[in-house]
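Trainee: I would like to learn how to read a structure that I have not seen before. Could we go through it together, feature by feature?

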Amino acid sequence: SLPPGRALVVARSSTLENRAVVESAADLVAGSLKDSTDAIGVRELLREAGAFGVATWAPQLVDRIQRGGWPTPEEGGELLGRLKVATVLAVEVTTYDQVWGKYAKFTRVGVSVTAFHVPAGAVIWRLHSDAEVEDKRGRAFQYAMEQAVADVIGAIDPRWRFSVAEAWRSWRR
């Protein structure tokens, strides 16, 4: 589960071609976590950083996290002290493809979330989920992405699996 405090959700992508897909997954993670915890995205962090007077280093911190790094101890102190961010969640899309089966097309999406605890200065867990959707036309990638994110969020907060929001998402599918 997540430690107490705010969680910052950041999309982590190794290539620019996948940037929009990873940001979509990060937005889904942040939106899903808002039901159970105080989760913010990069845009909210940058907006608040400007209001608190730490706008000079916040974009550099976000860029480093997006490229695979973590906050330095000094940045961690600022994150925790001024912005009340206790956990950084790095979201990655590990699989994103379609393959033909015997009768239909299969869409596969893999989502990985790594949690960095700011006070401890270390990674505390990493969760991964793969989802496969068969013969969904039009929004197959979106359905598979939502399913993979729902599995990861269910592992982070088991109460989320029984929420009204998840019941509505299941009914919509």
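Trainee: Which residue just after helix 2 takes a positive phi?

Mentor: Before I answer, please keep in mind that this is a predicted model. The general idea is that most residues other than glycine have a negative phi. In this structure, Gly53 comes just after helix 2 and has a positive phi of about 80°. Lys84, too, has a positive phi, of about 60°, although it is not a glycine, and its place is in the loop between helix 4 (73-81) and strand 3.

Trainee: Staying with helix 2, which of its residues are buried, and which are exposed?

Mentor: A residue counts as buried when its relative accessible area is under 20%, and as exposed when that area is over 50%. In helix 2, Val42, Leu45 and Ala49 are buried, and they lie on the same side of helix 2 because they cover an arc of only 55° around the axis. Arg43, Arg47 and Ala51, which are on the other side of helix 2, are exposed.

Trainee: What do the buried residues of helix 2 pack against?

Mentor: Their packing partners are strand 1, strand 2, helix 3 (58-66) and helix 4. As for its direction, helix 2 lies across strand 1 and strand 2 and runs at about 120° to strand 1. Helix 5 (residues 140-156) also packs on the sheet, where it touches strand 3, strand 4 and strand 5, and its direction makes about 140° with that of strand 5.

Trainee: In what order do the strands of the sheet come?

Mentor: For a sheet, one reads the order of the strands, and then the sense in which neighbours pair. Here there is an open sheet of five strands in the order 2-1-3-4-5, and its pairing is mixed. Strand 2 and strand 5 are the edge strands, since each of them pairs on one side only. Strand 1 pairs with strand 3 in the parallel sense over six bridges, while two bridges join strand 1 to strand 2, again with the strands running parallel.

Trainee: Which residues stand opposite one another where strand 1 meets these two strands?

Mentor: On the side of strand 3, Val9 stands opposite Leu89, and the bridge partner of Arg6 is Val85. On the side of strand 2, Ala7 has Ala39 opposite.

Trainee: How many residues of strand 1 are buried?

Mentor: Six of the six residues of strand 1 are buried, so strand 1 is largely enclosed by the rest of the structure. The side chains can be sorted by direction: Arg6, Leu8 and Val10 point one way, Ala7, Val9 and Ala11 point the other way, and all are buried.

Trainee: Arg6 is in that list, so which residue does Arg6 form a salt bridge with?

Mentor: For a salt bridge, one looks at the two partners, at the distance, and at where each partner sits along the chain. Arg6 forms its salt bridge with Asp38, and the closest N and O atoms are 3.2 Å apart. This pair links distant parts of the chain, 32 residues apart, with Arg6 in strand 1 (residues 6-11) and Asp38 in the loop between helix 1 (19-33) and strand 2 (39-40). Arg6 counts as buried because its relative accessibility is 13%, whereas Asp38 is partly exposed, with a relative accessible area of 41%.

Trainee: How many salt bridges does a search of the whole structure find?

Mentor: The search finds 10 salt bridges. Among them is the one between Glu92 and Arg126, whose closest N and O atoms are 3.7 Å apart. Glu92 lies in strand 3 (residues 85-100) and Arg126 in strand 5 (residues 122-134), so the pair ties together parts that are 34 residues apart in sequence. Salt bridges that share partners also join Arg6, Asp38 and Glu48 into one network.

Trainee: To finish with a single residue, is Thr107 buried or exposed?

Mentor: Thr107 counts as buried because its relative accessibility is 1%. Thr107 lies in strand 4 (residues 105-117), and its side chain makes a polar contact with the side chain of Gln98, at 3.1 Å. Leaving aside residues up to four places away in sequence, Thr107 touches several others, including Asp97, Val133 and Phe141.

Terms used: Residues are numbered from 1 along each chain as its sequence is written. This is a predicted model: local features need pLDDT of at least 70, side-chain atom pairs count only at pLDDT 80 or more; totals for chains, interfaces and linings use all residues. Side-chain values use heavy atoms; hydrogens and water are left out. Helices (H or I, at least four residues) and strands (E, at least two) are DSSP runs, numbered from the N terminus. Buried means under 20% relative accessible area, exposed over 50%, partly exposed in between (1.4 Å probe, protein chains only). A polar contact is a pair of N or O atoms within 3.5 Å; within protein, one must be able to donate a hydrogen and the other to accept it, and residues adjacent in sequence count only if both atoms are side-chain atoms. Contact means heavy atoms within 4.5 Å. A salt bridge is a side-chain nitrogen of Lys or Arg within 4 Å of a carboxyl oxygen of Asp or Glu. Two strands pair if DSSP finds at least two bridges between them. Axes are lines fitted to C-alpha atoms, for helices over the stretch in contact, and angles run from 0 to 180 degrees between N-to-C directions. The arc is that of the directions from the helix axis to the C-beta atoms.
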